Amino acid sequence: MSTLITRVRQKQIGELIEKGKRLDGRGLTDYRELKIEEGLIERAEGSARVLLGKTEVLVGVKVATGEPFPDTPNEGVMTVNAELVPLASPTFEPGPPDENSIELARIVDRGIRESKAIDTEKLCIDPGKKVFVVFIDVYVLNHDGNLIDASALAAVSALLNTKMTDYEIKDGEVKTKQGYVPLPLKSHPITVTIGKINDKLIVDPWLEEEQVMDARISMAINDEGNICAIQKGLAGYFTPQQIIDASKLAQEKAAEMRKKLKW
Amino acid sequence: MPTFFEAKQLVTPGELLAEGEYQAGENTYKEENKIYASRIGLADLDNKRVNVVALRAFYQPKAGDIVIGAVTEVGFNGWTIDIKSPYTAMLRASDVLSRPFKPQNDELSQVLDTGDLIVAKIASYDRAHDPQLTVGEPGLGKITRGQIMRVTPTKIPRVIGRKGSMISMIKQETGCQIILGLNGVILVTGKTTDDEELAMMAIRKIEEESHTTGLTDRIMQLLKEEKTKREENKL
Amino acid sequence: MIEKPEKLIDKKGVRLDGRKADELRPLKLEVGVLSNADGSAYIEHGKNKILAAVFGPREMHPKHLSRPDRMVLRCRYHMAPFSVQERKSPAPSRREVELSKVIRESLEPALFPELYPRTGIDVFVEVLQADGGTRCASITAAALAIADSGIPMRDLVVACAAGKIDDTVVLDLYDAEDKLGVADVPVAYMPNLNAVTLLQMDGILAPDEFEKAVNMAIEGCKKIYVLQKEALKTKYMNVKEEIKEETEE
């Protein structure tokens, strides 16, 4: 699945990590440089572009209206899709979503859904008949490691600047109102991905580190510092103690990020 | 330096067998001074070597082994042989034909066709290449008569018995010729199908009870009882 | 539509299905149930009924998916259309694709991939009836099927979930508790190597609750492991017992 990494490079990465350093000079728990740009796609109701190191993810939010699900007549609908666009990496092939893009979409989805970030009740226009349907499309434009955190940040950033058409019920009919309303966002979950190399935990793995690490764990933390989604990935394992250490590290980094982004 | 099992104890993958200065033998592995079982089987200690006699395993090819396989494909310069192993084996035409041949499909399929069974020897095998077979020795080649049965390859030594005692006894009692492929495929050729079935029944029982003691005697008894039954039925 | 009952766990700590907070649902495990597969196992965990089968190591098709230096594990988690309340389309859903991936990643650490280069191992899991916790039950059965096939393993893999319903951290949530509860944490574990090979979570948990849930799930795994070992050994022990009886007569 990944492009080959030479043994010499693997050794180099491992040795540095033993000393608490990484190839790009970062500490084990440092994030790469982060840049977020909002509202760059005017056709979308909301959008954001995240640059995490050289990883680039664009998220577009489209808001439509539709029927609610029968068991939640007063709630709007949200759906997340991810595309690993072929231009992003020599390893991405055109075609229907593969397991990696499906997993990525579902991880981003869980972070937002379980933290109840979107106030779905406020997405109701006409109970039982008409609700807002929020489509979150994650578009990976360049893969240089840690697509999960970049995508999750881009998704929440895009939701933050999403403006929807305003509706009201007048004379028993649904009519559009003048102006726009912001998407009702209650929480701003932050996902932190931690990789394991030679039994050391590293935050925000970069592409070459991803080829060396044997396991990965991503945790979504909500505004209150509670955990709302977790996904372990890759073919390795963690000891129970490493899991607890990772969860503490994730909370710490999420709080740092939250402060920095003023979320 | 402790071991954590009794002789011939049934162990499962991952069970800790020993700690300290022991060697990891068959179906075990060593990690950080501890030896664990890697397959389900009977644990045993041989000097400082911890072994597990696997009750379930598939055949891993080894150069020099005699195997029985079936032709699955006739190619341009040889045949593809299924030897019931993770790897398919190849038999080159040059090994079978004593003269240089013209690469025409028809000729090869007349010598060996899909579905034919052969007894062969593994000439070579390594990690990067599929096993290469040879039939260039006496006793090897196409099988024309008899019945085929399969047992778990790890049971073959039990079917052979100590110094061949078990297999000789079965051959004697049933009058059958028996070729044991180390890949777990067995060829039984007898004077009648009844004799063949008798031998096959004995071998199946060995497979089921291979981990018990007193097996040779019980099989001998079984064969004698069955033969008497058949005599009585004839009358 | 599920009508939400007032409480999922009452003041005495009894859940809707009669269990206490740290109690497992009843479990039944059987090894070697399919004659064509190289290895197989069947599990009943609460109302879950799941069948797992293993083929391999064998040549991979298509060949370009094989690796020259190691074996490749493929896993397919699939639910039968009649396994859930509302008929499910037989086409693989996105959830099944994700679960196939995480289940594969939970089993891989238990294998020795370098032993069989250029081959593939296929694990098929069919959920015949579902009632919450199917990915955990699937992993427990799949690991048994792999052991049954004779493929060497570093350890068995066993899985169990914990979570939170109302205000209580509980073990082994069934479907209603998963849907109506606060959080669900499935965990897969290699008991002899003390290694967590699958960990997911959805819901909201404070950090200390999360720690409690993970530890509870691991304890649940250890209990199920005892049953796993028994199921494997039972297949071979029966014959030994029969002979003992025969010779004692």
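**Figure 1. Surroundings of Val187(C) in the predicted model.** In this predicted model, Val187(C) has contacts with residues beyond its neighbours within four places in sequence. These contacts are Ala159(C), Cys160(C), Ala161(C), Val196(C), Leu198(C), Leu199(C), Val214(C), Ala217(C), Ile218(C) and Cys221(C). Val187(C) also belongs to the largest nonpolar core, a set of 166 residues. Together with Val138(A), Val187(C) touches the most other members of that core. Helix H3 of chain A, residues 147–160, gives the core its largest share, eleven residues. Another core, of 40 residues, lies apart from this one. Its members include Tyr87(B), Val96(B), Leu112(B) and Ile167(B).

**Figure 2. The contact between chain A and chain C.** Two pairs of chains touch, and the pair with the most contacts is A and C. Chain A brings 29 residues to this contact, and chain C brings 28 residues. On the side of chain A that touches chain C, at least two residues come from each of helix H2 (99–114), strand E12 (227–233) and helix H5 (240–261). E12(A) supplies the largest share of that side, with seven residues. Sorted by class, the side of chain A that touches chain C holds 13 nonpolar, nine polar and seven charged residues.

**Figure 3. Strand pairing across the contact of chains A and C.** Which strand of chain C is joined by bridges to E12(A)? The partner is strand E9 of chain C, residues 195–205, and the two strands are linked by four bridges. E12(A) and E9(C) run antiparallel. One residue pair can be picked out in this view: Gln231(A) has Gln200(C) as its bridge partner in E9(C).

**Figure 4. Met257(A) in helix H5.** Met257(A) is located in helix H5 of chain A. Is Met257(A) buried or partly exposed? Within 10 Å of Met257(A) there are 19 other C-beta atoms, whereas a buried residue needs 20 or more. Met257(A) is therefore partly exposed. Asp24(A) is 233 residues away from Met257(A) along the chain, and the C-alpha atoms of these two residues are 20 Å apart.

**Figure 5. Chain B beside chains C and A.** In the contact between chains B and C, 24 residues come from chain B and 26 residues from chain C. The side of chain B that touches chain C has eleven nonpolar, seven polar and six charged residues. Chain B does not touch chain A. The nearest C-alpha atoms of chains A and B are separated by 15 Å.

**Figure 6. Domains 2 and 3 of chain B.** The domain assignment of chain B lists domain 1 (9–54), domain 2 (66–142) and domain 3 (147–230). The centres of domain 2 and domain 3 of chain B, taken over C-alpha atoms, lie 27 Å apart. Where these two domains of chain B meet, eight residues of domain 2 are in contact with nine residues of domain 3. Strands E8 (66–74) and E11 (117–126) of chain B each give at least two residues to the side of domain 2 that touches domain 3. The largest share of that side, three residues, is from E8(B). By class, the side of domain 2 of chain B that touches domain 3 of chain B consists of six nonpolar, one polar and one charged residues.

**Figure 7. The fold of chain C.** Chain C contains four helices and nine strands. Read from the N terminus, its elements follow the order β-β-β-β-α-β-α-β-β-α-β-β-α. Along the principal axes, the C-alpha atoms of chain C occupy a box of roughly 60 × 55 × 35 Å. The radius of gyration of chain C is 19 Å, which agrees with the value near 18 Å for a compact globule of 249 residues. Of the 249 residues in chain C, 52% are buried. Counting contacts in chain C between residues at least 6 apart in sequence, 70% join residues at least 24 apart.

**Figure 8. The fold of chain A.** Five helices and twelve strands make up the secondary structure of chain A. Why does chain A count as being as compact as a globular protein of that length? Its radius of gyration is 20 Å, and the globule rule gives 18 Å for 263 residues; the two values are close, so chain A is as compact as a globular protein of that length. The C-alpha trace of chain A spans about 70 × 40 × 30 Å along its principal axes. Buried residues account for 45% of the 263 residues of chain A. Of the contacts in chain A between residues at least 6 apart in sequence, 69% link residues at least 24 apart.

Technical notes: Residues are numbered from 1 along each chain as its sequence is written. Chains are lettered from A and ligands numbered from 1 in the order in which they are written. This is a predicted model: local features need pLDDT of at least 70, side-chain atom pairs count only at pLDDT 80 or more; totals for chains, interfaces and linings use all residues. Two residues are in contact if their C-beta atoms, placed from the backbone, lie within 7 Å. Ala, Val, Leu, Ile, Met, Phe, Trp, Tyr, Cys and Pro count as nonpolar, Asp, Glu, Lys and Arg as charged, and the others, Gly among them, as polar. Two strands pair if DSSP finds at least two bridges between them. Domain bounds come from an automatic or database domain assignment. The radius of gyration is taken over C-alpha atoms; the globule rule is 2.2 Å times the number of residues to the power 0.38. A residue is buried if 20 or more other C-beta atoms lie within 10 Å of its own, exposed if 12 or fewer, and partly exposed in between; C-beta atoms are placed from the backbone. A nonpolar core is a set of buried Ala, Val, Leu, Ile, Met, Phe, Trp, Tyr and Cys residues joined through C-beta atoms within 7 Å.
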